[in-house]
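Here is my note on the structure, as numbered points. Please keep the 3D view open while you read.

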Amino acid sequence: MEDTIAAISTALGVGAISIIRVSGTDSIRIVDSIFKGVNLNQVSSHTIHYGYIVDQESVIDEVLVTVMKAPKTFTVEDIVEINAHGGIATTGRILELLLKKGCRLALPGEFTKRAFLNGRIDLIEAESVMELISAKTESARRLSMAGVDGTVSSFIRNLRSKIIELLANIEVNIDYPEYEDIEEMTVQKLDKSIEQIELELENILKNSREGKLIKEGINTSIIGRPNVGKSSILNRLINENKAIVTDIAGTTRDVVEGSIVLDGMLLNLLDTAGIRETENVVEQIGVQKSLELLEQSDLVLVVLNHNESLTEQDFYILDQVKDKNHIIIINKKDLPSQLDYSKLDGTEYIEVSALNNEGIDEIKKKIRELFELEKLENKDLTYLTNARSIALVEKALFSLQEVKQGIEQDMPIDMVEIDLKNVWNLLGEIIGETYQDELIDQLFCQFCLGK
C-alpha cells in the first residue's frame, strides 16, 4: 500500500460534477504538480481550494480541490479529491494526467480496502458501505447504516468479549489451580454462560432472513394456470404495462419481472408461464421455470379464475404452495362465477378484477400483514445480511453446540476450551479481526471502482 492510487469516484457520464479521488503518500504532491492555484503542499488539512487543472500550459478544467491529510481520512492516508465539471472527456483527461504523474489506477474497492487494512473500519463496516451504495429502499438504507456506523460490529464484539472472558477464566483455572482466591470455572457456570451466547447467536440467524428480505426485497412469484390473469395482476401491481396481455393461453413463456416499493420494502414481482401440460417445447421450458421459481420465492401469489371451475392443475399448484408464504387471488370477479368455493376448504382468498383495477390494494394489504412491514419502521435493524457473515455465524453456532456436548459428556475443561476458542475465532472473521488475504481480495473486488 505504499503506492498512490487514483480513480473516478462518481458515475461516468454527463453531470454537473465529477470527483477524482487520490489516496497515498504522494497524493498531495502529485495533484499539486497539475494544479494551478495555491501550493497544495502548504495548505491546512480538510480545506478546499479553487484553481485549474493544467497540462503544462494547457488548461484542462476549472476545479475545486479538497485536501485531507492523514490520519483523519477515510483511508488513513493523505487524500485529495478533485471536483471537476462532469463529463467523460474532462474527467478522463484529469485521471490520465494523474496516472502520468505517478499515480496507479485504483482497483475496485481499493479505497475501502485500505480503510480496512489501516484499521479505519472493520469488515462488516466495509461490506455495509457497498450495501449502502446499492440500497434501493429506506429500510435497506437503514439496515446498511447499522453496519456502516458500527452498530452491528459492536454486537459481534460484545459476544467475543463474553467468550474471551470465559476463556481467560478457564486458562487461569488450568494454569493456577493452587490460588484459592480465584473463582473456580465449573462446568455448571460455563454451561449457563454458553446457553446465553447460544441464544444470542440463534437470534442473529433468526433475524438474518428478515435482514435478507430488507436488503434484497421479497421475491414474489405470480403462479397459476394459463389465461387466469397473472400478467394483468403484475401490470396492476407495478402500475405499468410490463407484461403482454392477450386472451391466448400460453402467451407468457418466460419470466417477466417488475418491482414496487411497499412500506419501504422492495417487492420483486415475477410473472411466470402458466402451469399446464403442453406439447410446445418452448412453453414446457417456461412451465419448468415457473415451478423452479415457486421453490425459490419468499412469497407466492396463486391466481385462480372466478369464471372457471377448479382444475387438477389448480389443485396441484395449491398443494405445492401450502407450506410457503402465499396469497390466493381469485381474478375476474367481474365475470359470472363458475368456481366452487367450497373446494377451497375454507382457505382465505382475495377476490379481484385486474381488468377494472379492483382488489389490488387488498393484495398489498395482505402482503403487509404477512411480512409485518409496518413494524419494520420501529425495529432495531442490527442484522447480518450477507452470506459470508451468516455462514460464519452458523459455523460458530455449530462449534458452540459441540462445547455444550462436551460439557454434557464431562469432557476435561481444556478440551472444551478448544471448541470455545474456535467460536471466538469465527466471530472474529465476521468483523475481520482474523482473515485470509484471498478472502479480502475477493470481497473488495466486488466494489465499484473509486470506492
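1. A definition comes first, for the helix pair discussed next. Axes are lines fitted to C-alpha atoms, for helices over the stretch in contact, and angles run from 0 to 180 degrees between N-to-C directions. Note too that this is a predicted model.

2. The helix pair α13 and α14. Helix α13 covers residues 387–408 and helix α14 covers residues 413–431. Their axes come within 9 Å and cross at roughly 170°. Angles over 145 degrees count as roughly antiparallel, and α13 and α14 are therefore roughly antiparallel to each other. The crossing of the two helices is left-handed.

3. Residues at that contact. On the α13 side, the contact residues include Leu392, Val393, Ala396, Leu400, Val403 and Ile407. Charged residues of α13 take part as well, among them Arg388, Lys395 and Glu402. On the α14 side, the list includes Val416, Leu420, Val423, Leu426, Leu427 and Ile430. Asp419, Asn422 and Glu429 of α14 also belong to the contact.

4. Helix α13 and helix α7. Which residue of α13 has its C-alpha atom 8.7 Å from that of Glu202? It is Val393, and the two are 191 residues apart along the chain. Val393 is also one of the α13 residues in contact with α14. Glu202 is found in helix α7, residues 187–216. Its relative accessible area is 36%, so Glu202 counts as partly exposed. A second pair to check is Ala391 and Leu205. Their C-alpha atoms are separated by 9.4 Å, with their positions 186 residues apart along the chain. Ala391 is found in helix α13. Ala391 is partly exposed, with a relative accessible area of 31%.

5. The chain as a whole. There are 15 helices and 13 strands. Of the 451 residues, 45% are buried. Take the contacts between residues at least 6 apart in sequence: 67% of them join residues at least 24 apart. The accessible surface comes to about 22800 Å². Carbon and sulfur atoms account for 48% of that surface.

6. Salt bridges, and one to look at closely. Side chains of opposite charge can pair when their charged atoms come close. The whole structure holds 19 salt bridges. In one of them, the side chains of Asp3 and Arg114 meet at 2.9 Å, N to O. Asp3 lies in the segment before β1 (5–8), and Arg114 lies in helix α3 (residues 110–117), so the pair ties together parts that are 111 residues apart in sequence. Are these two partners buried or exposed? Asp3 is partly exposed, at 31% relative accessible area. Arg114 is buried, at 1%.

7. Two further salt bridges. Asp26 pairs with Arg29, and their closest N and O atoms are 3.8 Å apart. Asp26 is partly exposed at 32% relative accessibility. Arg29 is partly exposed too, at 45%. Lys322 and Asp319 form another salt bridge, at 3.1 Å from N to O. Lys322 counts as exposed, with 52% relative accessibility. Asp319 counts as partly exposed, with 40%.

8. A network of charges. Which residues do salt bridges with shared partners join into one network? They are Asp3, Glu77, Arg104, Glu110 and Arg114. The Asp3 and Arg114 salt bridge of point 6 therefore has both of its residues in this network.

9. Backbone points to inspect. Ala70 and Pro71 are joined by a cis peptide bond, with omega at about 5°. Pro71 is found in the loop between β5 (58–68) and β6 (79–85). His46 is a residue other than glycine with a positive phi, near 60°. The loop between β3 (35–36) and β4 (47–55) holds His46. His46 is partly exposed, at 46% relative accessibility. Gln56 also has a positive phi near 60° without being a glycine. Gln56 sits in the loop between β4 and β5. With a relative accessible area of 72%, Gln56 is exposed.

Notes:
Residues numbered from 1 in each chain as written. Predicted model: local features only at pLDDT ≥ 70, side-chain atom pairs only at ≥ 80, totals over all residues. Heavy atoms only, no water. Helix = DSSP H or I, 4+ residues; strand = E, 2+ residues; numbered from the N terminus. Buried < 20%, exposed > 50% of the residue type's maximum accessible area, 1.4 Å probe, protein only. Contact = heavy atoms within 4.5 Å. Areas by Shrake-Rupley, 256 points an atom, 1.4 Å probe, with all protein chains shown as cover. Salt bridge = Lys/Arg side-chain N within 4 Å of Asp/Glu carboxyl O. Parallel < 35°, antiparallel > 145°, perpendicular 65-115°, else oblique. Left-handed = near helix turned anticlockwise from the far one by under 90°.
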